[in-house]
Amino acid sequence: MVPLYYLPLDLDPQLRQEAERWVRRFSAFLALPPYSAPSEVRLVDQRLEELLHPALEEDSLPGMAASACEILFDLEDRQTGERPPPRLIVVCGPDSTVAQKSKAGNPDALWGGSVGCLAVVYRHEPTVVWHEMFHLFGAKDCYREEAPDESALPLCGEERCIMQYAPALGKVGDPPFLCAANVERVAGPWRHPGT
Ligand SMILES: [Zn+2]
Ligand SMILES: [Zn+2]
C-alpha cells in the first residue's frame, strides 16, 4: 500500500476539495488493472505540514523533493516500517512561492513538475494532476523535452497518452489512457515485487 499524501497550498476551499477528488480518482484507477497498485490517499495534517514547511522553502524543485522525501520516508519508517515509499502531491496556486520555485529550475514545466517522491501541480486540471502522479510511479514523458509542443503526436505514437505535453481530458479520457511502455514502468514493480 503506497501512502499518497495530498497537500493543498493556497487554494480556495472549493478547489482544494476538487483537487482532492482528482487525487482520490488517481488512487482508484491505479488500484485496477493494468496497474493493480494499491495506494492510500492521506491528507497532510497540520503537524505534518509544519514538518514539511522547511522542505518547501528550498529554492528548487529537486531541493524541495530531496528534503520532503527524507521527512516522509523517516515518518513512514517510524510509524509502520511500511514499504514501498510514500509519495507527496502538492497542488498549489500558480503564483504561490512553491510554484514559482518549481518553475524557476524548469521553465518548460508550465503546469507542474515532479522529482523523486514529490509532485507539484499549479495548473488545476485533473489530467495535469494525474500526469504528475504517474511520474511518481515511474512513468516518463512522451514528448521531446527540448521541444515541447502540444500539437505534436506523443513520442509513443498514442494520441491519447496522458504523458504527452499538455494532456487534455477530452483527449486522454477517464481513466486516462497510458501507453504500453509507461504501463510497464508503472505496473511492473507490482507484478514482480522485489525486482
Ligand atoms: Zn511530465
Ligand atoms: Zn505515451
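**Exercise 1. The strand order**

Task: Determine which residue in β2 is the bridge partner of Y6, and establish the order in which the strands of the sheet lie.

Solution. The structure is a predicted model.

Step 1. The bridge partner of Y6 in β2 is L43. This pair belongs to the contact between β1 and β2, which are joined in the parallel sense by five bridges.

Step 2. Y6 also stands opposite I89 in β3. The strands β1 and β3 run parallel and are joined by six bridges.

Step 3. From β3 the next pairing leads to β5, again in the parallel sense, over four bridges. Within this pairing, V91 stands opposite V121 of β5.

Step 4. The complete order is β2-β1-β3-β5-β4, an open sheet of five strands with mixed pairing. The strands β2 (39-43) and β4 are the edge strands, since each pairs on one side only. On average, neighbouring strands of the sheet are turned by 15° against each other, direction ignored.

**Exercise 2. The two faces of β3**

Task: State which residues of β3 point one way and which point the other way, and decide whether they are buried or exposed.

Solution.

Step 1. Begin with the general rule: in a regular strand, side chains alternate between the two faces of the sheet.

Step 2. In β3, R87, I89 and V91 point one way, while L88, V90 and C92 point the other way.

Step 3. Both sets are buried. The strand is accordingly described as mostly covered, with six of its six residues buried.

Step 4. Consider L88 as an example. Apart from its neighbours within four places in sequence, L88 is in contact with Y5, L7, A68, L72, C117 and L118.

**Exercise 3. The nonpolar core**

Task: Find how many residues the largest nonpolar core has, and name the element that gives the most to it.

Solution.

Step 1. The largest nonpolar core has 50 residues. Those with the most contacts inside this core are L88, I89, L118, V120, V121 and V129.

Step 2. Several elements each supply at least two residues of the core, among them β1 (2-9), α1 (13-30), β3 (87-92), β5 (118-121) and α5 (126-136).

Step 3. The element that gives the most to the core is α5, with six residues.

**Exercise 4. The surroundings of α5**

Task: Explain why α5 is described as largely enclosed, and describe how α1 crosses α5.

Solution.

Step 1. Because 10 of the 11 residues of α5 are buried, the helix is largely enclosed by the rest of the structure. The buried residues include T127, V129, W130, M133 and L136.

Step 2. The cover over these buried residues includes α1, β3, β4 (112-115), β5, α6 and α7 (180-191). With respect to the sheet, α5 lies across β3, β4 and β5, and runs at about 165° to β5.

Step 3. The axes of α1 and α5 come within 9 Å and cross at roughly 45°. The helix α1 is therefore oblique to α5. The crossing is right-handed.

Step 4. Where the two helices meet, A19, W22, V23, R25 and F26 of α1 face P126, V129, W130 and M133 of α5.

Step 5. Just after α5, G138 takes a positive phi of about 105°.

**Exercise 5. Burial and unusual backbone geometry**

Task: Classify A28 and P167 as buried or exposed, and locate the cis peptide bonds preceding P34 and P175.

Solution.

Step 1. A28, in helix α1, has 12 other C-beta atoms within 10 Å and is therefore exposed. The cut-off for an exposed residue is 12 or fewer.

Step 2. P167, in the loop between α5 and α6 (169-172), has 26 other C-beta atoms within 10 Å and is therefore buried. Not counting residues up to four places away in sequence, P167 touches T127, H131, I162 and V172.

Step 3. A166 lies in the loop between α5 and α6. A166 has a positive phi of about 55° although it is not a glycine. With 17 other C-beta atoms within 10 Å, A166 is partly exposed.

Step 4. D10, in the loop between β1 and α1, likewise has a positive phi, near 55°. D10 counts as partly exposed, with 16 C-beta neighbours inside 10 Å.

Step 5. The bond from P33 to P34 is cis, with omega near 5°, and P34 lies in the loop between α1 and β2. The bond from D174 to P175 is cis, with omega near 0°, and P175 is placed in the loop between α6 and α7.

Notes:
Residues are numbered from 1 along each chain as its sequence is written. Chains are lettered from A and ligands numbered from 1 in the order in which they are written. This is a predicted model: local features need pLDDT of at least 70, side-chain atom pairs count only at pLDDT 80 or more; totals for chains, interfaces and linings use all residues. A nonpolar core is a set of buried Ala, Val, Leu, Ile, Met, Phe, Trp, Tyr and Cys residues joined through C-beta atoms within 7 Å. A residue is buried if 20 or more other C-beta atoms lie within 10 Å of its own, exposed if 12 or fewer, and partly exposed in between; C-beta atoms are placed from the backbone. Two residues are in contact if their C-beta atoms, placed from the backbone, lie within 7 Å. Two strands pair if DSSP finds at least two bridges between them. Axes are lines fitted to C-alpha atoms, for helices over the stretch in contact, and angles run from 0 to 180 degrees between N-to-C directions. Angles under 35 degrees count as roughly parallel, over 145 as roughly antiparallel, 65 to 115 as roughly perpendicular and the rest as oblique. A crossing is left-handed if the near helix is turned anticlockwise from the far one by less than a right angle, and right-handed if clockwise.
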